[in-house]
Amino acid sequence: MNLQEIINICGDKKNIIISGHIHPDGDCVGACYALASILHKKGIDVEIALDDVPDTYDYLVGSNYLLKTIKKDIDIFISLDCGDKERLGSNSKLFDEAAVTVNIDHHISNTQFADYNYVSDVSSTCEIIYEILDGSDDTDLLDKDICEALYTGLIYDTGAFKHSNTTRRTHQIAGDIISYGIDFTDITNRLFYYKSYKSLQILGTAIKNTERHINDKLILTTLSTEELEEYDCNKKDTESIVQILNEVTESECAIFIMQVSSDEYKISLRSRNNVDVCAIAREFGGGGHIKASGCTISGNLTSIKERLINVVKRQIEERA
Ligand SMILES: [Mn+2]
């Protein structure tokens, strides 16, 4: 897919929506802002439907394109960074209404749920958006604002070029992008290092709650709604927890279980080497990447833990 194909799909339509997954992350927000800015430069008036964009991304200018009122009669719906229709959350209603749908994504678990599907196994959706422009006359559409959005996605999804999804090409793209004068140090600090005090406090609770299973190969922690309320924390304040668990040298797999309601839990999974956490998340109706995935499970905590431990154990034993 290249930019011209997207422009052709848009044609002279007026009601065009760009959207991404619920709980938008750096790649999702960056890709939506970048593509919206690029299409606006091409005279295509798109709007972005994203709920609850974290204020972490306030430094990006693409928020001008965020939808202000609910739209009807959607002509085109472009889904970015979203593995399946359900992950669109409440915006899936707009997807269902749209005459034509487009799905641009990099999750290997993508279900090809749109009329036009462009799924590529690269670091991030922002890498795909860059590639859409590259090698055409459209490269000159890039500017500092768009590059900040694309860089945000690249570093968010690669953990600042640390995860195995980082390729030579990812670095080449980052090199091109920083030539537009972006403050990459500041973006990296905002995404990975700056922390509110309450997120440090909840991290302490999460570390205190850790358990280890399967001969220490699995490290797991939980946070209850009461514990989250104690420090007035929301999902954003817990983002670094699973990654920090995954830094423990003895473990191969890290799981963070966060209670979201009386019997519903949001599960984040990370692995280091041999564990395919995407396969594990899929068993529970979730998905993602081999080394970083997630799912939501209903039930009681003890049985959820037991089920997760058993699935990880089975995989570790199969691979031994
Ligand atoms: Mn992504």
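Two strands are said to pair if DSSP finds at least two bridges between them. By that criterion, in this predicted model, 6 strands form an open sheet in the order β6-β7-β8-β9-β11-β10, with mixed pairing. Strands β6 (211-213) and β10 (287-288) stand at its edges and have a single partner strand each, so one side of each is left without a neighbour in the sheet.

At one of these edges, β10 pairs with strand β11 (residues 292-298) in the antiparallel sense over 2 bridges, and Gly287 has Gly294 in β11 as its bridge partner. Helix α12 (residues 301-319) lies across β6, β7 (218-223), β8 (253-261), β9 and β11, and it runs at about 155 degrees to β8.

Within this mixed sheet, strand β9 (residues 264-271) contains Glu264, a residue that is partly exposed, with a relative accessible area of 30%. Leaving aside residues up to four places away in sequence, Glu264 touches Met258, Gln259, Thr296, Ile297 and Ser298.

A second open sheet is built from 5 strands in the order β2-β1-β3-β4-β5, and its pairing is parallel. Here β2 and β5 stand at the edges with a single partner strand each, so one side of each is left without a neighbour in the sheet. From one strand to the next, the twist averages 20 degrees.

Strand β1 (residues 16-20) and strand β2 (residues 46-49) pair in the parallel sense over 4 bridges; Ile16 stands opposite Val46 in β2, and Ile18 stands opposite Ile48 in β2. Together with helix α2 (residues 26-41), β1 and β2 make a right-handed β-α-β unit.

Several helices lie across the strands of the two sheets, and three of them are set side by side below.

| Helix | Strands it lies across | Angle to one strand |
|---|---|---|
| α1 (residues 3-10) | β1, β3 (76-80), β4 and β5 | about 145 degrees to β3 |
| α4 | β3, β4 and β5 | about 110 degrees to β4 |
| α12 (residues 301-319) | β6, β7, β8, β9 and β11 | about 155 degrees to β8 |

Helix α4 (residues 125-133) also packs against α5, at an angle of about 135 degrees and with the two axes 7 Å apart. That angle makes α4 oblique to α5. In this packing, Cys126, Glu127, Ile129 and Tyr130 in α4 meet Ala149, Leu150, Gly153 and Leu154 in α5.

Ile129, found in helix α4, counts as buried at 1% relative accessibility. Apart from residues up to four places away in sequence, Ile129 touches Ala31, Ala34, Leu35, Ile38, Leu80 and Leu150. Ile129 and Met1 are 128 residues apart in sequence, yet their C-alpha atoms are 9.8 Å apart in space.

The model also holds a metal site, in which Asp27 (OD), Asp81 (OD), His106 (NE2) and Asp157 (OD) are the protein donors of the manganese ion and lie 2.1 to 2.3 Å from it. Along the sequence, these donor residues are spaced D-x53-D-x24-H-x50-D. The pair His106 and Asp157 links distant parts of the chain, since His106 sits in the loop between β4 (100-105) and β5 (116-119) while Asp157 belongs to helix α5 (residues 144-158), 51 residues apart. Both His106 and Asp157 are buried.

Definitions and conventions: Residues are numbered from 1 along each chain as its sequence is written. This is a predicted model: local features need pLDDT of at least 70, side-chain atom pairs count only at pLDDT 80 or more; totals for chains, interfaces and linings use all residues. Side-chain values use heavy atoms; hydrogens and water are left out. Donors are N, O and S atoms within 2.8 Å of the metal (3.2 Å for Na, K and Ca); water is not among the atoms, so sites may look incomplete. Buried means under 20% relative accessible area, exposed over 50%, partly exposed in between (1.4 Å probe, protein chains only). A crossover is right-handed if, with the strands pointing away from the viewer, the path from the first strand over the helix to the second runs clockwise. Axes are lines fitted to C-alpha atoms, for helices over the stretch in contact, and angles run from 0 to 180 degrees between N-to-C directions. Angles under 35 degrees count as roughly parallel, over 145 as roughly antiparallel, 65 to 115 as roughly perpendicular and the rest as oblique. Contact means heavy atoms within 4.5 Å.
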